Amino acid sequence: MPYFGSEETVKELKRALSNPHVQADRLRYKNYITKVIRYMTQGLDVSALFMDMVKASATVDIVQKKLVYLYMCTYASDKPDLALLAINTLRKDCADPNPMVRGLALRNMCNFRMPGMPEYIEQPIVAGLRDKASYVRRVAVLGCAKMHSLQPNTDIDGSIVNELYALLRDPDPVVVVNCLRALEEILKDEGGVVINKPIAHHLLNRMKDLDSWAQSEVLTFLLRYRPRSDDELFDILSLLDAFLQSAHAHVAVATLRLFLHLASAHPAVQADALLRTSAPLLATCGAASRELRFAGLCHVQQVMRSQPGLFATHYKRFFCGYSEPSYIKFRKMEILVELVNDENVALVLEELRSYCTDVSPELAQAAIAAIGRIARTYSEKCLDILTGLLALKQDHITSAVTQTFRDLVWFCPQSTAAVCQTVEACVDNPQDSEGKQALLWLLGEHGEQISSAPYVMEGYIDGLKTELSSAVKMELLSASVKMFLCRPAETQDMLGRLLHYCIEEESDMCVRDRALLYYRLLQRGVEETRKVVTGPKSDPSMSVLTGRQEEPISLWASTFNTLGPLSGWDLCLQTAVISASEPSGSAENELLPGSTDVALSSPNDTQEEISLSLGPPLSHETFEKMWLDLEILHRQTLGFPRPKTASDTLQAALQLVKIQTLAFTPGDAVPWKAYLYTRGTGTLILAELLQEVPEAPDSEGSLVVSVKQHPKNQQTIRGFVLILKSVLQTLNVDPL
């Protein structure tokens, strides 16, 4: 409806609502009230009709009352003086013989957002809690939570809380669940509703009377109860057993989470519960709703961390559908990689190969990466597929295959000869920066096995002026120096041209510094350069992978049936068998051995060993999100200032003890900060080093370390701080 002439429209409605002849005709009167609501929802200001609408509430027609109550709730805050009349009308309706009218009036009265409302609604709410009609009690219980939200800073009324706890034994199941919700809201500052033994047993016995959503909510509340004995524990598990295979996926998953929580000391019971819940989880993965399907896939991934073979026989359920969105396809491919075995490897590879030619470049590259991960176990079959993909001569496919070859050589040294032969036969080179870096890494590390390596590299050097990526330039420097060490005669001239350009003409300071580093290394001699530059060509701790290492269920049970698996929290904490960092080609990583787990002894406790590993790299976005979400578990003043060494030296020294530097401020900045992370046994440690501005101008501030961790393990934190302190003291030339 147009807004022009709205005043005339309101006047016309007011005349109609005041007309005795219209009021005498119920149907006509109701139609005018409907018009008022329609105009209100369209944005027309009809607040001038407030008094007429209050009068219209004096009717036995439930539909008309609902319309009038909706109008009152909308305009009560705009007409606080006239709203008192509406409140009196609603209080009168709270005593109506019809329970539907009583509940409707109480619900709408609680929706009024006006100062001083609690004193008007408290008495009707208390009366509603004792009403004979279950509908009125349902509304009254939720009204208690609304009344508390209107005055959150006031003291909690103990009588209301006691009344709600008493209503947990109400014969109506909806009232019981509403009581839990209301108590949780009212007592949230005190930890929420308390679930003791009588309440827990009562809720368990009432589970069959509840609808599916109420069952799911009650199961979540029961996580707060811990049985006193094994006999009680198994009695509870027996009552819950039937819900593990509920037709409703959310009930089955909520029951499984409670099972895993209660049976934390009984791994066999947990494994049996996972097996029994596999069918509902699989059904969720095939749900019509895309969102529900994605949630199911995320939880299947989580379960597979402890039971890798649980879904092996159902691998075809994770084949991608043509019309499925990409985020579901990505998850399914990740699961397929974990489900591969000797029996299904041929079919899974055939399915993944069909995805490699998808119209979406991102999906095609993800499929190629999945084949590359399978190649770590089934190298020969996968190499044939990857080699065939190079014949398609598509840039994004060539780039993805080259990156996969790099990772495969790193993790599976036995496939190096076949990969080098394929790279040499490949005519088309990658065009994107990631693909170029992967190819250059292969040429630098295994140039002696690729006869055309110097000539391919010379083409990149000749086109250096048109190269935009600094990462490619630094990779080219590293690869050229390595090539010179193994094939000096063919590489000497082009290496000289490369170093001259990067030192004299390059505008990127990182590239220039890298070139200066290599130039000064070469001045010290070839053997000295070889000692520094030449590192492991593959991860010495990795051979053919036979499967994922099973993780304890307790490692992820706390995040099961939450948003954790969906948001990526769980994945960044995942400590899989592939815990070594993949080769990036940077000089810092090449100077260090492979990032396998190392056991470091605490200086103050020779019996305590702290196992740290670098693991998969953590992105800046993930680190920032986790740092903001977690709380500081340990803060300590180290007693000395930051090291005076160069930032590269600090980073390399920390990496030697498996502590990764994410970011740090320049050396002359005040205050100075550095952010670090590492992985312990089943845990992720985040840390911040801070040197604040000193109080005295002629003194230096002391370093302060703040540590966050998920999941919590104080013993690991203590060991980490001792190791960090020891490294920093070694680097510090002038400790306080």
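**Helices H6 and H8**

I began with the pair formed by helix H6, residues 80-93, and helix H8, residues 117-129, whose axes in this predicted model come within 11 Å and cross at roughly 10°. With that crossing angle under 35 degrees, H6 counts as roughly parallel to H8. I then listed the residues that meet, and found Leu84, Ile87 and Arg91 on the H6 side, facing Met117, Tyr120, Gln123 and Pro124 on the H8 side. Sorted by class, the contact of H6 with H8 holds 5 nonpolar residues, 1 polar residue and 1 charged residue.

**Confidence**

Before going further I looked up the confidence of the prediction, and noted that the protein chain averages a pLDDT of 83, with 89% of the residues scoring at least 70. Which helix has the lowest confidence, and which the highest? The lowest is helix H33, residues 587-590, at a mean of 34, while the highest is helix H12, residues 197-205, at 94. I marked residues 542-547 as a stretch where the pLDDT is below 50, and the model gives this stretch 13 contacts beyond near neighbours in sequence. I marked residues 571-609 as well, since pLDDT stays under 50 there, although the model has 108 contacts for them beyond four places in sequence. I leave the details of such stretches alone, because predicted coordinates should not be read in detail where pLDDT is low.

**The chain as a whole**

For the overall picture I recorded 36 helices and 7 strands in the protein chain, and noted that buried residues make up 50% of its 736 residues. Of the contacts in the chain with a separation of 6 or more, 67% are between residues 24 or more positions apart.

**The five-stranded sheet**

I next traced the open sheet, in which 5 strands follow the order E3-E7-E6-E5-E4 with antiparallel pairing. Why is one side of E3 and of E4 left without a neighbour in the sheet? Strand E3, 634-637, and strand E4, 660-664, stand at the edges and each has a single partner strand, so one side of each is without a neighbour. From one strand to the next, the twist averages 20°.

I followed strand E5, residues 672-680, to both of its partners. E4 and E5 pair in the antiparallel sense over 4 bridges, and I noted Tyr677 in E5 as the bridge partner of Gln660. On the other side, 9 bridges join E5 to E6, again running antiparallel, and there Lys673 stands opposite Leu690 in E6. I also checked the covering of E5, and found the strand mostly covered, with 7 of its 9 residues buried.

Two helices that lie across the sheet went into the notes together. Helix H34, residues 620-629, lies across E4, E5, strand E6 (683-691) and strand E7 (703-710), running at about 85° to E6. Helix H36, residues 714-731, lies across E3, E5, E6 and E7, and runs at about 145° to E7.

**Three single residues**

I looked up Pro643, whose place is in the loop between E3 and helix H35, 647-656. Is Pro643 buried or exposed? Pro643 counts as buried, because its relative accessibility is 5%. I also noted that Pro643 and Thr730 are 87 residues apart along the chain, while their C-alpha atoms are separated by 8.8 Å.

Lys30 was my next entry, and its place is in helix H3, residues 26-41. Its relative accessibility is 22%, so Lys30 counts as partly exposed. Not counting residues up to four places away in sequence, Lys30 touches Asp61, Val63 and Gln64. I added the spacing to Leu67, which is 37 residues from Lys30 in sequence and 9.3 Å from Lys30 in space, C-alpha to C-alpha.

I closed with Ser399, which lies in helix H23, residues 395-411. Ser399 is buried, because its relative accessible area is 0%. Which residues are in contact with Ser399, leaving aside its neighbours within four places in sequence? They are Pro430, Asp432, Glu434 and Gly435.

How values were computed
Residues are numbered from 1 along each chain as its sequence is written. This is a predicted model: local features need pLDDT of at least 70, side-chain atom pairs count only at pLDDT 80 or more; totals for chains, interfaces and linings use all residues. Side-chain values use heavy atoms; hydrogens and water are left out. Axes are lines fitted to C-alpha atoms, for helices over the stretch in contact, and angles run from 0 to 180 degrees between N-to-C directions. Helices (H or I, at least four residues) and strands (E, at least two) are DSSP runs, numbered from the N terminus. Angles under 35 degrees count as roughly parallel, over 145 as roughly antiparallel, 65 to 115 as roughly perpendicular and the rest as oblique. Contact means heavy atoms within 4.5 Å. Ala, Val, Leu, Ile, Met, Phe, Trp, Tyr, Cys and Pro count as nonpolar, Asp, Glu, Lys and Arg as charged, and the others, Gly among them, as polar. pLDDT is the predictor's confidence in each residue, from 0 to 100. Two strands pair if DSSP finds at least two bridges between them. Buried means under 20% relative accessible area, exposed over 50%, partly exposed in between (1.4 Å probe, protein chains only).
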